[in-house]
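Colleague: Could you take a close look at the salt bridges in this one for me? I'd like to hear which side chains pair up and where they sit.

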Amino acid sequence: MTHQDQVPGEASGPGAVAVGSNQGIISTGDAATIDNRTLHLPAEALRAPADVPAPPGLNNLPAPRSAVFVGRDEDLARLRAAMDGGGAATVVHGLGGMGKSTLALHYAHRHRDRYNPVWWVPAETPDGITLALASLAAHLDPYAGLTASASAEGAAWATAWLQSHEGWLLVLDNAETPDDLAPVIGRLTTGQHLITSRRATGWHHLAQPLGLRTLAPDASTDLLMRITGEPDGPDDGPALEELAAELGHLPLALTQAAAYIQHTAIAPASYLARLRSHPARMFAASATDNHERTIARVWQLTLQAVAARNPLAVDILRTFAWLGPDDVPRELAEALDDDPIAVDEALALLHAYSMITLTPRTFTVHRLVQAVARTADPADPHRAEGTIEEARRRAIGLLVAALPGDPLFSVAGRPRWRALLPHIEALADHVPPARDDEETAAIWLLTSAFLQSEVQLDRAVDFAERSMAASQRLYGPDDPHTLSSRSILASAYREAGDLAKAVPLLVQNRDDCERVFGPATKGTLTASANLAYAYGLSGEVDLAAELHSRNLADCERLLGPDDKLTLVSRNNLASAYREAGDLDRAVPLHERSAADYARVFGPDHPETLTARSNLAYTYQLAGDLDRAIALHEHVLTTRERTLGPTHPHTSLACDLLANARGDAAR
């Protein structure tokens, strides 16, 4: 190219322009004027985009942020299959920090020989796309940049080039919305587009979606080890596995943690302890100069975008950060607003930004998203301490309102109890016992009762102990709430086989109920029935029978023959007679008890089946094996149908039937 200085003046000659006041680039057809200097271009500068070949191996791919790339072979294969599937565009979508850009970058590097050019386009904004395409124009043809007075014209030239050539790959990274890409993708069908985006929806008319998942547990631990080095001590390996699980196997979080461990030379267990005690600081901590690439920062930007469009969506995310991450019932979210359509839109927006995974009945939140969302951080306007506390209160209120009826006698409520149990357990983990209040104490109490009915006794004891501690602190020792909590705790100890703890609590509760409520009240009768039952389990069968007999008479007189406590007392008295060897009194009382349960609660109710099981066992002890076996078979079949084949009560029925058949065979 030759340069010739020109004297400012009037335009003259074919294609000439006056340049005395020009700034920038002016196209004249065979020359360009830049900063008052005219550049005379050779003839090849006039070629149309279709006539310009791409230089061999043209690409602008950045180097990977890290040389460590593990656990993505299957995802690379899925991406290769999608790219080879005939579609012009594929979008890799997922939560921020999932590794979408890293996957796309490694794919582009591995397959550079398949495409030309391969061009990386920062696609966060339309301006970014325009600038990247203008840069492509300049690299395809140095003169294309000189003939464009703005990047928009350079982008238009690049678009024309792409339209007229095949075999190229555009990687459009971190696209904000499908609408930003429609003007580009919609016009280009001769090459391929690989898109990365947090947006999970809205791509159906533009690109084939490919959701990216978290790493497998083994790959997560491998990633940590590759950055931190081999474990120094025997405890480091298990600590890294625990850390990987704590971080939800999210690549960015794992890389952030590993870099911190390496930079500060601390043990993995120490990092885990810091993460649990100072989560806000650790989520924001960076061991490099790139503070934008931390979990806290990446998701703060996402929350800003979500909040700007729908504040309710952010409220939902903060609220459900306190519950379990998986299978959250949508109806719980619907209780947050009177307008179900508003909730639908908020959930859809969170799903679109990959902050949740939405199904028709439930949604899922990544556990690390929850951890960040429930951690107060003064640097983040979406995580102010007061806002986080308000979300915690909302979550507790939602669970209280959603709890079904009596966990022991309400059969219809059992499926709902099972669905809510993981969320109750998560709330118990996230709320320190010192912050338990009236609502959480009630939740723990009812949950213990349900777990006892499900024969999950260790957890039943844990919830009962926590409810008891909260009730004593909140209400005092003589309040009905405290007495109920003590009763449930004693019952949990009893069912777990710890009679040494159960009996003293039951004695105390019976005495306190008599003192607080009086002897002829339902609370006192319940406490007496529980104590009598524990005496029977302790081998004091005569004392148990005496208390049960007295209690049954009081229940029939005060509550009537069909009250639940009356039925329980009659069944317990029959069992006490049986344990004492008095089968003449035990058999007719068990027969009446089984009939009454079936009449009051229905033939398939768990308590009815327990009464029938007791009757069958009593028949067996009395030598009436035909009736015993038939009734055991009925109980087993019904429990298999209503509770499932693996339920502990079903297993017990199977064992009792086998025992009866064994007696018959001897």
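Modeller: Ground rule before we start: a salt bridge here is a side-chain nitrogen of Lys or Arg within 4 Å of a carboxyl oxygen of Asp or Glu. Keep in mind too that this is a predicted model. With that cut-off, take D406 and K564: their side chains form a salt bridge, with N to O at 2.9 Å. D406 sits in the loop between α17 and α18 (414–430), while K564 belongs to helix α25 (residues 564–579), so this pair ties together parts that are 158 residues apart in sequence. Neither partner is hidden away: D406 comes out as partly exposed at 30% relative accessibility, and K564 is partly exposed as well, at 32%.

That's one pair out of a longer list, since the rule gives 46 salt bridges in total. Another one that links separate loops is D84 with R114, at 2.6 Å from N to O. D84 is in the loop between α1 (73–83) and β5 (89–93), and R114 is in the loop between α2 (100–110) and β6 (118–122), so here the parts being tied together are 30 residues apart in sequence. Accessibility puts D84 at 39%, which counts as partly exposed, and R114 is partly exposed with 34%.

For a pair within one helix, go to α17. R394 and E390 meet in a salt bridge at 3.4 Å, N to O. Both lie in helix α17 (residues 385–402), 4 residues apart, or about one turn of the helix. E390 has a relative accessible area of 47%, so it's labelled partly exposed.

Then there's a spot where the bridges join up: E556, D562, R570, R592, D596 and R599 are linked in a network. The general idea behind all this is that side chains of opposite charge can pair when their charged atoms come close.

While you have the viewer open, look at a helix pair too. Helix α21 (residues 480–495) packs against helix α22 (residues 499–517) at an angle of about 155°, with the axes 8 Å apart. Since angles over 145 degrees count as roughly antiparallel, that's the label for α21 and α22. Their crossing is left-handed. Among the residues in contact are L483, R486 and Y493 from α21, and L505, D512 and F517 from α22. By class, the α21 contact with α22 has 11 nonpolar, 3 polar and 4 charged residues.

Key:
Residues are numbered from 1 along each chain as its sequence is written. This is a predicted model: local features need pLDDT of at least 70, side-chain atom pairs count only at pLDDT 80 or more; totals for chains, interfaces and linings use all residues. Side-chain values use heavy atoms; hydrogens and water are left out. Helices (H or I, at least four residues) and strands (E, at least two) are DSSP runs, numbered from the N terminus. Buried means under 20% relative accessible area, exposed over 50%, partly exposed in between (1.4 Å probe, protein chains only). Axes are lines fitted to C-alpha atoms, for helices over the stretch in contact, and angles run from 0 to 180 degrees between N-to-C directions. Angles under 35 degrees count as roughly parallel, over 145 as roughly antiparallel, 65 to 115 as roughly perpendicular and the rest as oblique. A crossing is left-handed if the near helix is turned anticlockwise from the far one by less than a right angle, and right-handed if clockwise. Contact means heavy atoms within 4.5 Å. Ala, Val, Leu, Ile, Met, Phe, Trp, Tyr, Cys and Pro count as nonpolar, Asp, Glu, Lys and Arg as charged, and the others, Gly among them, as polar.
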